[in-house]
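Below is a brief structural report for a computational chemist. The chain comes first, followed by the notes on its parts.

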Amino acid sequence: MNVAVAIGTDDLTSRAARVAAIAAKHADAVDSESRFPREAVTAMKAERLLSIQIPTDFGGEAASITDIAALCAVLGQACAASAMIFAMHQIKLSSLVEHGAASDWHREFMRRITRDQLLLASATTEGGIGGNMRNSICAIRVEGDQCFLEKDATVISYGNHADAILITSRAHADAAPSDQVLTAFLKDQYSLERTVVWDTLGMRGTCSDGFLFKGEAPAVQILPKPFAEIAAQSMLATSHLLWSALWYGIAADAVARAQAFVRAAARKSPGTAPPGALRLADASGQLQMVKSNVVAALKVYEDAKADVDRLSSMAFAASMNNVKISTSEAILPIINEAMLICGIMGYKNGTPYSLGRHLRDAYSAQLMISNDRILANTSTMLLVHKQDTNLLG
């Protein structure tokens, strides 16, 4: 019997729950020490979660984006940094799954990811361009059957802990900044010289230092499709959806802590509505709206995957942009409401109701691909694209 085919959604959920339990146990230490969540990532590998998206032909489980988003939400309730690492890995894996199957090398790479549970990192930011991943200054150089790349990567999340890095560059020295390719480099094919230290308000465990990247590898490791297609048809959508799912997870855990606080207060004063009960109802309603928004966006992506033209359309891009904007902006008021419910017990560290880590991690959401940049892109699209007003469309 094919084990990959036999594994179902319930099994994925139980495996993710075991990882989440480990991640939650170490979440405060990961945050306070600003360290890589090695226990959680080791558990992900042990549960074989790093290859679930890969098609069964290459040893994976062909998990859908909806399945993966559900796991991001579970992990987000335990440790946001661990969930972000899992999400970023799956985002890069989507580039291979959706755009690498025509290449012998990338097919074998997917088999190796499945076999060895390799952790993938991303290097799309660069000094001089900020967070605009659709432009590059550096250019890959191909000589014979080898390729060479040097990049001032201002952020490579968990770069020192990854088994491979997928990195963007101009397609060649004379290419326009937007004429990009994506190349997979294995750990023994590059060096990293740290240039920026990750010392931040939140998401401290992602260890998103900046590095000078220098790599040399066989040229067949360059993905065959232009990065413009990869970004439009898979990477941007999966980024916005998986990030939104884990952000929902952060807010969901904050509301759960607030609910536990209100219940504890209710037990002390039977028959009396405890302080914070009305705020809890409001926070629960706001959380439901976030959940509905993410679930609806996942369906839009699943429905669009069979149609390349739809995936590349302005309407699709705008809808994915909107879910990122709305989710990233909605979670902060929810967590703040939870903080008001829990009061000083939520404000203090080390209590069952502590919410400082949740709030600090949530502030990153509006900055990961700046909301202002995304709004500017969406506004440009709306100048030439009619707003979709169909309730069910």
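## Contacts and overall build

Leaving aside neighbours within four places in sequence, N321 is in contact with H240, I374, N377, T378 and M381. Contact here means heavy atoms within 4.5 Å. N321 sits in helix α10, residues 314-342. N321 is buried, at a relative accessible area of 10%. Buried means under 20% relative accessible area, exposed over 50%, and partly exposed in between, with a 1.4 Å probe and protein chains only.

This is a predicted model, in which local features need pLDDT of at least 70, side-chain atom pairs count only at pLDDT 80 or more, and totals for chains, interfaces and linings use all residues. Residues are numbered from 1 along each chain as its sequence is written, and side-chain values use heavy atoms, with hydrogens and water left out.

The protein chain has 13 helices and seven strands. Its radius of gyration is 21 Å, close to the 21 Å that the globule rule gives for 393 residues, so the chain is as compact as a globular protein of that length. That radius is taken over C-alpha atoms, and the rule is 2.2 Å times the number of residues to the power 0.38. Helices (H or I, at least four residues) and strands (E, at least two) are DSSP runs, numbered from the N terminus.

The C-alpha atoms fill a box of roughly 80 × 50 × 50 Å along the principal axes. Of the 393 residues, 51% are buried. Take the contacts between residues at least 6 apart in sequence: 75% of them join residues at least 24 apart. The accessible surface comes to about 17200 Å², and carbon and sulfur atoms hold 55% of it. Those areas come from the Shrake-Rupley method with a 1.4 Å probe; for residues, only the protein chains shown count as cover.

The chain carries 36 positive and 39 negative charges, and their mean positions are 6 Å apart. Lys and Arg count as positive and Asp and Glu as negative, while His and the chain ends are not counted. Each charge is placed at NZ of Lys, CZ of Arg, CG of Asp or CD of Glu.

## Strands

Two strands pair if DSSP finds at least two bridges between them. The table lists three antiparallel pairings.

| Strands | Bridges | One bridge pair |
|---|---|---|
| β4 (residues 164-170) and β5 | seven bridges | S169 and V181 |
| β3 (residues 146-153) and β7 (residues 210-218) | eight bridges | L149 and G215 |
| β6 (residues 190-196) and β7 | six bridges | R194 and F211 |

Strand β5 covers residues 180-186. Seven of its seven residues are buried, so β5 is largely enclosed by the rest of the structure. Q180, L182, A184 and L186 point one way from β5. V181, T183 and F185 point the other way.

T168 belongs to strand β4. Its relative accessibility is 0%, which counts as buried. Beyond four places in sequence, T168 touches A123, T124, S136, C138, L149, K151, Q180, V181, L182 and F227. Two of the β5 residues named above, Q180 and V181, are among them.

A123 lies in strand β1, residues 120-123. It is also buried, with a relative accessible area of 0%. Not counting residues up to four places away, A123 touches K151, A153, I156, I165, L166, I167 and T168. A123 and G210 are 87 residues apart along the chain, yet their C-alpha atoms are separated by 9.6 Å.

## Loops

Where is P275 found? P275 is in the loop between α7 (227-268) and α8 (277-304). P275 is exposed, with a relative accessible area of 68%. From P275 to A376 the C-alpha distance is 42 Å, with their positions 101 residues apart in sequence.

Two loop residues stand out by backbone angle. Most residues other than glycine have a negative phi. S34, not a glycine, has a positive phi of about 50°. S34 is placed in the loop between α2 (9-33) and α3 (38-46). M203, not a glycine either, has a positive phi of about 50°. M203 is placed in the loop between β6 and β7. At 3% relative accessibility, M203 counts as buried.
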